Amino acid sequence: MFETDGYVIFRDVIDQDLIKEVNDHVEWLQARHPDVRPEQLGHTYLRDDPFWVRLVSDDRLVDIAEKFVGPDIALFASHYISKPPYSGQPVLWHQDAAFWPLDPMEVVTLWLAVDHSTPENGCVRVIPGSHRSDVLRMRDNTDVESVLGKEIAVEVDEAQAVDMVLAPGDVEVHHPNIVHGSNANTSPKRRCGLTIRYIPTSTRITDPETPYASAFHLRGEPGVNSYQPRPQYVEGKHFPFRGA
């Protein structure tokens, strides 16, 4: 499925007790960063967040990543895209590989559903098989208020799109070249997901910031990058969680 279509879904990966903590974490982050849109709770906030590091290090997620990138694994980036009811922004059609400072572009995205994700509240949509094409040019789009502010510079046949309908705890996995996006959330229900980008440690992060804000060594040999130290939990400073 992944080879032919560029994506695959794993059901019931994360238990509902941890999903509840993730929900609380999103609310905690929004309270700490009230000036940041909830679709933009991105990787720079991860560096000093023990719960976030604990979450992306969860063996159930890293075991899935290992199927795609091998046993030597690092985190490249992670990002909550939480679309609020009625006003959640769309993500215009794009390929992830167009944005990322990685060489080679060996990376896999795990999209962890925090909420039920449906066509009504703006679930991810993919164009199956589009990962087999090259990385195409992006263009700015300021006509629509969107998460990225950019879109792929070709017409996308939306009739080919498949909706990623997910329940909390499900994980959708996709290739960096697949064309994907999501509609605005005009429903009364929030749509939150956590993107997690795992790389083999042989993939170099070429961003001038070293170590990259969200570069964490997770498993196996450390490879070619330098990494952030794991943040130590401080009561009263960090989000409280089980095992903190």
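In the predicted model, Asn121 sits in the loop that links strand 5 (108-113) to strand 6 (124-126). Asn121 has a relative accessibility of 3% and therefore counts as buried, the cut-off being under 20%.

The side chain of Asn121 takes part in polar contacts with backbone atoms. One of its polar atoms lies 2.9 Å from the backbone nitrogen of Thr118. The Asn121 side chain also reaches the backbone oxygen of Arg190, at 3.3 Å. Arg190 appears again among the residues that Asn121 touches beyond four places in sequence. That set also includes Lys83, His116 and Asn185. Ser187, Lys189 and Arg191 complete the list.

A second site centres on Arg60. This residue belongs to helix 4, which spans residues 59-69. Arg60 has a relative accessible area of 31%, so it is classed as partly exposed; that class covers values between 20% and 50%.

Arg60 and Val13 are 47 residues apart along the chain. Their C-alpha atoms are separated by 6.6 Å. Val13 is also in contact with Arg60, as are Ile14, Asp15, Leu18 and Arg54, with neighbours within four places in sequence left aside. With Asp15, the link is a side-chain one: a polar contact of 2.8 Å joins the side chains of Arg60 and Asp15.

The two sites can be set side by side. Asn121 is buried, whereas Arg60 is partly exposed. Asn121 lies in a loop, and Arg60 lies in a helix. The side chain of Asn121 reaches a backbone oxygen, that of Arg190, while the side chain of Arg60 pairs with the side chain of Asp15.

Notes
Residues numbered from 1 in each chain as written. Predicted model: local features only at pLDDT ≥ 70, side-chain atom pairs only at ≥ 80, totals over all residues. Heavy atoms only, no water. Helix = DSSP H or I, 4+ residues; strand = E, 2+ residues; numbered from the N terminus. Buried < 20%, exposed > 50% of the residue type's maximum accessible area, 1.4 Å probe, protein only. Polar contact = N/O pair within 3.5 Å; in protein donor to acceptor, adjacent residues only side chain to side chain. Contact = heavy atoms within 4.5 Å.
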